[in-house]
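Reader: Hi! I'm new to looking at protein models and could use some company. Can you walk me through this one?
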Amino acid sequence: MAETYEDRDGVIWMDGKLVPWREANVHILTHALHYASSVFEGERAYNGKIFKSHEHSERLRKSAQMIDFEVPYSAEEIDAAKALVLKESGLPDAYVRAIAWRGAGQDMGVASARNPVRMAIAAWKWGAYYGDAKFQGAKLDISKWKRPSPETIPSAAKAAGLYMICTMSKHAAEAKGCSDAMMFDYRGYVAEATGANIFFVRDGVVHTPLPDCFLNGITRQTVIGLLRQKGIEVQERHIMPEELEGFEQCWLTGTAAEVTPVGKIGDYSFEVGALTRDIAETYEKLVRS
Ligand code: PMP
């Protein structure tokens with residue numbers, strides 16, 4: 001039988017201590033399960049070290065503040081807990097998931113001020129997020145769902161509630177044989193994929209959407225820095241759907257996705273070109289350095 005995420009050997013850090021993997025459970029009346037009061041991080045460790053661990057810990061705390069709760073651990077304490085989980089996992093390369101949420105308690109309505117904030121960290125082995133697409137160029141569907149306005153939801157948070165439309169978009173994409181979906185935003189501009197940011201190349205210049213209503217990914221910021229170090233012009237701006245036709249190359253960035261070339265978005269085709277391969281290699285070298 002296929003391995004499931006609830007039935008594994010190992011330990012998970014939960015509220016300050018390590019518990020056996022199968023015992024890392026929550027009650028059914030957990031506030032987060034009903035009202036999406038949870039924030040999380042996706043991180044990768046390479047050669048036994050989590051890439052940009054501290055930035056991720058700080059983002060977790062900020063995401064929680066954006067959805068109105070405080071993570072009861074400092075960024076340094078979160079860093080130490082993640083390092084412990086990684087060490088216990090025995091994995092040199094791993095995906096690390098930290099999550100903080102409003103637990104079960106005295107409140108079961110929408111308001112939840114009296115319920116405890118809880119936190120957990122797990123690590124597991126996770127290969128290329130898009131499988132073979134990583135090398136051949138991923139095929140992307142175009143989602144019918146739009147990234148919402150920051151006046152609708154705290155769109156800069158890495159919060160569970162923002163992923164409802166991502167899961168639906170990805171299911172629709174997979175049903176069409178695609179690896180993921182590209183989403184437009186509420187104004188009709190190109191936004192991102194369901195769990196990764198997007199970049200385009202035209203005439204040697206890189207273009208990427210301005211992250212004003214979606215996550216400004218840590219990988220995105222890293223890749224922009226690497227491109228600029230190479231002397232390549234990067235334009236962060238609003239990108240119109242009509243522009244997709246004229247772009248030559250495209251890639252996605254994210255902790256899980258790393259740098260993944262894109263071959264197709266709907267009917268638009270892109271080549272896995274020299275710059276795409278170069279930036280993917282440079283990123284790989286950096287995370288392993
Ligand atoms: N956008 C979304 C919706 C994501 O889930 C992710 C993955 N965390 C990203 C962008 C990329 O963020 P990062 O590079 O920090 O992993």
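Author: Happy to! Keep in mind that this is a predicted model. The domain assignment splits the chain into domain 1, residues 11-124, and domain 2, residues 133-287.

Reader: Cool. How far apart are the centres of domain 1 and domain 2?
Author: Their C-alpha centres are 26 Å apart. The two domains do touch: 18 residues of domain 1 and 19 residues of domain 2 take part in the contact.

Reader: And how much area do domain 1 and domain 2 bury between them?
Author: About 1,600 Å², with 66% of that on carbon and sulfur atoms. Lost accessible area is a common way to give the size of an interface.

Reader: How many salt bridges are found across that interface?
Author: The rule finds one between domain 1 and domain 2. It joins the side chains of R44 and E258, with 3.8 Å from N to O. That falls within the 4 Å cut-off, so the pair counts as a salt bridge.

Reader: Where do E258 and R44 sit in the chain?
Author: E258 is in strand β14, which covers residues 258-265, and R44 is in strand β3. The two residues are 214 apart in the chain, so to speak a link between distant parts.

Reader: How many residue pairs are in polar contact across the interface?
Author: Eight residue pairs, counting those with both residues at pLDDT 80 or more.

Reader: Which elements supply the side of domain 1 that touches domain 2?
Author: β3 (38-46) and α2 (53-66) each give at least two residues to that side. The largest share comes from β3, with eight residues.

Reader: What kinds of residues are on that side of domain 1?
Author: A mix! There are eight nonpolar, four polar and six charged residues on the side of domain 1 that touches domain 2.

Reader: Switching topic: how many aromatic pairs are there in the whole structure?
Author: The search turns up 10 aromatic pairs. One of them is Y5 with W124, whose ring centres are 5.2 Å apart.

Reader: Why is the pair of Y5 and W124 called edge-to-face?
Author: Because their planes stand at 65°, and an angle over 60 counts as edge-to-face.

Reader: Where are Y5 and W124 in the chain?
Author: Y5 is in the segment before β1 (11-14), while W124 belongs to strand β6, residues 117-124. They are 119 residues apart in sequence, so the pair ties together separate parts of the chain.

Reader: Last one: how many salt bridges does the whole structure have?
Author: The search of the whole structure finds 21 salt bridges, and the pair of E258 and R44 is one of them.

Terms used. Residues numbered from 1 in each chain as written. Predicted model: local features only at pLDDT ≥ 70, side-chain atom pairs only at ≥ 80, totals over all residues. Heavy atoms only, no water. Domains from an automatic or database assignment. Contact = heavy atoms within 4.5 Å. Buried area = accessible area lost by both parts, 1.4 Å probe. Polar contact = N/O pair within 3.5 Å; in protein donor to acceptor, adjacent residues only side chain to side chain. Helix = DSSP H or I, 4+ residues; strand = E, 2+ residues; numbered from the N terminus. Nonpolar A, V, L, I, M, F, W, Y, C, P; charged D, E, K, R; others polar. Phe/Tyr/Trp six-rings, centres within 6.5 Å; stacked < 30°, edge-to-face > 60°.
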